[in-house]
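Student: Could you walk me through how to read the features of a helical model, taking each idea in general before turning to the case at hand?

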Amino acid sequence: MPTETTTKRGRPGYDQQSVLRIAVDVFNRHGYDATSMGILAENLGISKSAIYHHVPSKGDLLKLALDHALGGLEAILEEPAATSGPADARLEFVLRQTIAVLVDRLPFVTLLLRLRGNTEIERNALERRRAFDHRVAELISAAREDGSLRQDIDPRTVTRLLFGTINSIVEWYKPGGSLSPEKLADDVITMAFDGLHTAA
């Protein structure tokens, strides 16, 4: 069934998704708070009134963008491979898919990770992100308890280091370069699960 985001049309050359993609790029470059509808209109090459044809407000653009990022992450946790099987295998699946979503929706996840919580929309998104992080932390604890992960490192430290590593990808990864998303995920998983020492 067609969705509002895919069928709503405006001026020739623009639909809501086109406006959203450009808005996310502008938010990431200038910061959401510092971006006015005037700046958006200038980057789009259309009037402010033309933007309002697509969305009621700047906040609605932010909500659409954050829903796109969070929806991709939350869907991972509903996959069969994330809900059944050994805890370490579920954890690996979730981490791999998280990296895949991050790369596929890079500007949107970048915006999510840079939120400051200044608006209700941002605070709601941060709460959803914390809920996702909590579910991953539960997988880490389960894998630790069943003996498939080492137990000499505090699980909170493991969680923070894993998320720190994965979240940092938005700052340096360039899609289309020599490092494919699959190889990137392989490298992160290998380093996280096996470390950097060569096999004895």
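**Reading a helical model**

Tutor: Let us begin with what surrounds a helix: the buried residues of helix 10 are covered by elements that include helix 7, helix 8, helix 9 and helix 11 (181-194). Please keep in mind throughout that this is a predicted model.

Student: Which residues of helix 10 are buried, and which are exposed on the other side?

Tutor: The general idea is that an α-helix has 3.6 residues a turn, so residues three or four places apart point the same way. In helix 10 the buried residues are T159, L162, F163, I166, I169 and V170. Viewed down the axis of helix 10, these buried residues fall within an arc of 110°, so they line one face of the helix. R156, R160, L161 and E171 are exposed on the other side of helix 10.

Student: What span does helix 10 reach from its first C-alpha to its last, and which residue caps its N-terminal end?

Tutor: For the span, one compares the end-to-end distance with the value expected at 1.5 Å a residue. Helix 10, with 18 residues, reaches 27 Å from first C-alpha to last, which is close to the expected 26 Å. For the cap, one looks for a side-chain oxygen beside a backbone nitrogen, and here D154 caps the N-terminal end of helix 10, with a side-chain oxygen 2.7 Å from the backbone nitrogen of R156.

Student: Why can helix 8 be called largely enclosed by the rest of the structure?

Tutor: One counts how many residues of the helix are buried, meaning under 20% relative accessible area. Helix 8 covers residues 106-113, and six of its eight residues are buried, so the helix is largely enclosed by the rest of the structure. The buried residues are L106, F108, V109, T110, L111 and L112. What covers them includes helix 2 (16-30), helix 5 (58-76), helix 7 (87-104), helix 9 (120-145) and helix 10 (155-172).

Student: How many cavities of 30 Å³ or more does the structure hold, and which residues line the largest cavity?

Tutor: A cavity is space where a probe fits but cannot get out. The structure holds one cavity of 30 Å³ or more, and the largest cavity has a volume of about 110 Å³. Its lining consists of L73, T98, L102, V109, L112, L113, R129, F132, D133, F163, I166 and N167. Helix 7, helix 8, helix 9 and helix 10 are the elements that give two or more residues to the lining of the largest cavity. Some lining residues have already appeared in our discussion: V109 and L112 are among the buried residues of helix 8, while F163 and I166 are among those of helix 10.

Student: What volume does the largest pocket have, and which element gives the largest share of its lining?

Tutor: A pocket, in contrast to a cavity, is an open set of points. The largest pocket has a volume of about 530 Å³ and is lined by 17 residues, of which I153, V158, M191, A192 and F193 lie nearest its centre. The elements giving two or more residues to this lining are helix 9, helix 10 and helix 11, and the largest share, five residues, comes from helix 11.

Student: Is L184 buried or exposed, and which residues is it in contact with beyond its sequence neighbours?

Tutor: For a single residue, one reads the accessibility and then the contacts. L184 is found in helix 11, and because its relative accessibility is 3%, L184 counts as buried. Leaving aside neighbours within four places in sequence, L184 is in contact with I99, V103, I169, W172, Y173 and L179; I169 is one of the buried residues of helix 10.

Student: Where is S57 found, and which residue does its side chain join in a polar contact of 2.5 Å?

Tutor: A loop residue can be read in the same order. S57 is found in the loop between helix 4 (48-54) and helix 5, and at 26% relative accessibility S57 counts as partly exposed. A polar contact of 2.5 Å joins the side chains of S57 and D60, and a polar atom of the S57 side chain lies 3.3 Å from the backbone nitrogen of G59. Leaving aside neighbours within four places in sequence, S57 is in contact with M37 and Y52.

Student: How many helices and strands does the protein have, and what share of its residues count as buried?

Tutor: The protein has 11 helices and zero strands, and of its 200 residues 37% count as buried. Among contacts between residues at least 6 apart in sequence, 62% join residues at least 24 apart. The C-alpha atoms fill a box of roughly 65 × 35 × 35 Å, taken along the principal axes.

Note on methods: Residues are numbered from 1 along each chain as its sequence is written. This is a predicted model: local features need pLDDT of at least 70, side-chain atom pairs count only at pLDDT 80 or more; totals for chains, interfaces and linings use all residues. Side-chain values use heavy atoms; hydrogens and water are left out. Buried means under 20% relative accessible area, exposed over 50%, partly exposed in between (1.4 Å probe, protein chains only). Helices (H or I, at least four residues) and strands (E, at least two) are DSSP runs, numbered from the N terminus. Contact means heavy atoms within 4.5 Å. The expected span of a helix is 1.5 Å times one less than its number of residues. The arc is that of the directions from the helix axis to the C-beta atoms. A polar contact is a pair of N or O atoms within 3.5 Å; within protein, one must be able to donate a hydrogen and the other to accept it, and residues adjacent in sequence count only if both atoms are side-chain atoms. On a 1 Å grid over the protein atoms alone, a cavity is a set of points where a 1.4 Å probe fits but cannot get out, and a pocket is an open set with protein on both sides within 12 Å along at least five of seven lines; lining residues have an atom within 4 Å of a point. Grid points are joined across faces, edges and corners, and a volume is the space filled by probe spheres set on the points.
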